[in-house]
Amino acid sequence: MTKLQTPLTNLLACALLLLGGTTFIGCGGVTDSTNDEQPGEQPGDGEGTEDGVADPNGDDDGDGYTNAEEDHAGTDPNDADSVIYQGGWPYNMTKDTIEDPGWDDTASVGSVLPHFIAMDQNEEMVDLYDFAFRGKKIVLDTGTPWCKPCKAIAAYLSDGDESHLNWKGPNDDQPEGPYPWWKEEYSDLYQMVQDGDIYWITIIFTEATPIDIGDIQEWDETYPNEHIPVLFDEDNELVNHIPVTCYPTLNILDENLEFLNVTSCGPFDGLRLLFP
Ligand SMILES: [Ca+2]
Ligand SMILES: [Ca+2]
């Protein structure tokens with residue numbers, strides 16, 4: 001491994017990878033070792049209860065977080081500028097009940113995600129345990145800033161235009177068409193993210209060429225979606241836990257943060273799980 005590897009050589013690492021006879025157009029070579037919908041109940045009417053105590057399930061300042069959530073997190077339930085996450089990501093008042101397995105073991109199907117906390121595009125530390133217990137699948141979308149198919153997915157999720165998922169193969173006679181991992185029946189994916197049916201979390205990590213939070217912010221500005229946190233796995237903590245060896249790669253958690261699949265390479269398994 002060399003830290004002197006350039007983005008150009010990174011690009012050359014993008015390849016056609018054979019996965020059990022299925023061609024995966026992606027990128028490989030991880031070498032480093034090292035809100036949507038409002039959370040909680042419906043907003044209250046701001047009047048509080050008869051005895052003057054705020055309704056815990058209300059949202060007196062209308063910032064998307066309930067009075068109880070704000071009291072729990074230490075933000076001001078009467079100040080809309082005081083929020084738990086600028087991104088509006090969910091908050092989980094019972095996350096302490098999740099038994100953190102730690103980072104010693106690698107992921108397996110049914111194992112619980114270790115307590116992963118990472119910086120988002122707003123430069124806030126986001127706790128993935130805040131996404132638990134909402135009855136929604138949580139997609140861990142891992143990639144690097146220079147990975148072309150990762151960008152294709154991000155572009156599609158930004159505006160819903162499936163043509164972003166087209167690519168042109170290396171052979172002249174190969175027609176342009178969707179990436180081999182994309183199927184027509186997945187076309188509801190964009191709407192599922194927009195409607196908050198699932199949580200989509202993009203995780204950008206370092207592979208050979210060091211990156212910083214500016215790269216995460218640039219990604220979010222290029223492919224904006226107010227429903228998608230873009231997190232910086234600065235120490236490749238999550239990436240090494242799975243471990244991810246090529247990208248884009250999708251791993252899905254259930255609402256209890258248990259891995260429904262453990263995939264090191266490619267979006268095939270994750271997409272199939274989202275559309276059973
Ligand atoms: Ca509030
Ligand atoms: Ca507030």
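Is Glu-123 buried or exposed? Glu-123 is exposed, because 11 other C-beta atoms lie within 10 Å and a residue with 12 or fewer counts as exposed. The tour of this predicted model begins at that residue and then moves to the strands and helices around the core.

**Stop 1: Glu-123 and the whole protein**

Select Glu-123 in the loop between strand S3 (117-119) and strand S4 (125-127). Phi of Glu-123 is near 60°, a positive value in a residue other than glycine. Most residues other than glycine have a negative phi, and most peptide bonds are trans. Both kinds of exception appear on this tour. With the whole protein displayed, seven helices and eleven strands can be followed. Of its 276 residues, 37% count as buried.

**Stop 2: Ala-208 and Ile-211**

Next, select the loop between strand S8 (199-205) and helix H5 (213-222), where Ala-208 is found. Phi of Ala-208 is near 70°, again positive in a residue other than glycine. Ala-208 is buried, because 20 other C-beta atoms lie within 10 Å and 20 or more is the condition for burial.

Ile-211 is found in the loop between S8 and H5 as well. Ile-211 counts as partly exposed, with 18 C-beta neighbours inside 10 Å. Leaving aside neighbours within four places in sequence, Ile-211 is in contact with Pro-145 and Thr-206. A distance to display here is the one from Ile-211 to Phe-232: the two residues are 21 apart in sequence, and their C-alpha atoms are 9.1 Å apart in space.

**Stop 3: strands S8 and S9 with helix H5**

Phe-232 leads to strand S9 (residues 230-233), from which Val-230 and Phe-232 point one way, while Leu-231 and Asp-233 point the other way; all are buried. In a regular strand the side chains alternate between the two faces of the sheet.

Show S8 beside S9: the two pair in the parallel sense over four bridges. Phe-205 has Asp-233 of S9 as its bridge partner. The chain passes from S8 through H5 to S9, a β-α-β crossover that is right-handed.

Now colour H5 by burial. Which residues of H5 are buried? They are Ile-216, Trp-219 and Asp-220. These residues lie on the same side of H5, because they cover an arc of only 95° around the axis. The buried residues of H5 pack against H3, S8 and S9. On the face of H5 turned away from the buried side are the exposed residues Gly-214, Glu-221 and Thr-222.

**Stop 4: Ile-153 in helix H3**

Select helix H3 (residues 148-159), the place of Ile-153. Ile-153 counts as buried, with 25 C-beta neighbours inside 10 Å. Not counting residues up to four places away in sequence, Ile-153 touches Asp-141 and Pro-248. From Ile-153 to Trp-182 the C-alpha distance is 9.8 Å, although the two are 29 residues apart in sequence.

**Stop 5: two cis peptide bonds**

Both bonds to display here precede a proline. Where is Pro-243? Pro-243 lies in the loop between helix H6 (237-241) and strand S10 (246-247). A cis peptide bond joins Ile-242 to Pro-243, with omega about -20°. The second cis peptide bond joins Tyr-247 and Pro-248, with omega about 5°. Pro-248 is placed in the loop between S10 and strand S11 (249-253).

**Stop 6: strand S11 and its partner S5**

Continue from Pro-248 into S11. Five of the five residues of S11 are buried, so this strand is largely enclosed by the rest of the structure. Thr-249, Asn-251 and Leu-253 occupy one side and Leu-250 and Ile-252 the other, and both faces are covered. Strand S5 (residues 138-143) runs antiparallel to S11, and five bridges join the two. The bridge partner of Asp-141 in S11 is Leu-250.

**Stop 7: the nonpolar core**

Finish by selecting Val-139 and Ile-201. Of the 56 residues in the largest nonpolar core, these two touch the most other members. This core draws at least three residues from each of domain 1 (7-34 + 95-274) and domain 2 (36-84). In soluble globular proteins, nonpolar side chains tend to be buried together. Beyond its neighbours within four places in sequence, Val-139 is in contact with Ile-198, Tyr-199, Trp-200, Ile-201, Leu-250, Ile-252 and Gly-270.

How values were computed: Residues numbered from 1 in each chain as written. Chains lettered and ligands numbered in written order. Predicted model: local features only at pLDDT ≥ 70, side-chain atom pairs only at ≥ 80, totals over all residues. Pairing = 2+ DSSP bridges. Right-handed = clockwise from strand over helix to strand, strands pointing away. Contact = placed C-beta atoms within 7 Å. Arc of directions from axis to C-beta. Core = buried A, V, L, I, M, F, W, Y, C linked by C-beta atoms within 7 Å. Domains from an automatic or database assignment.
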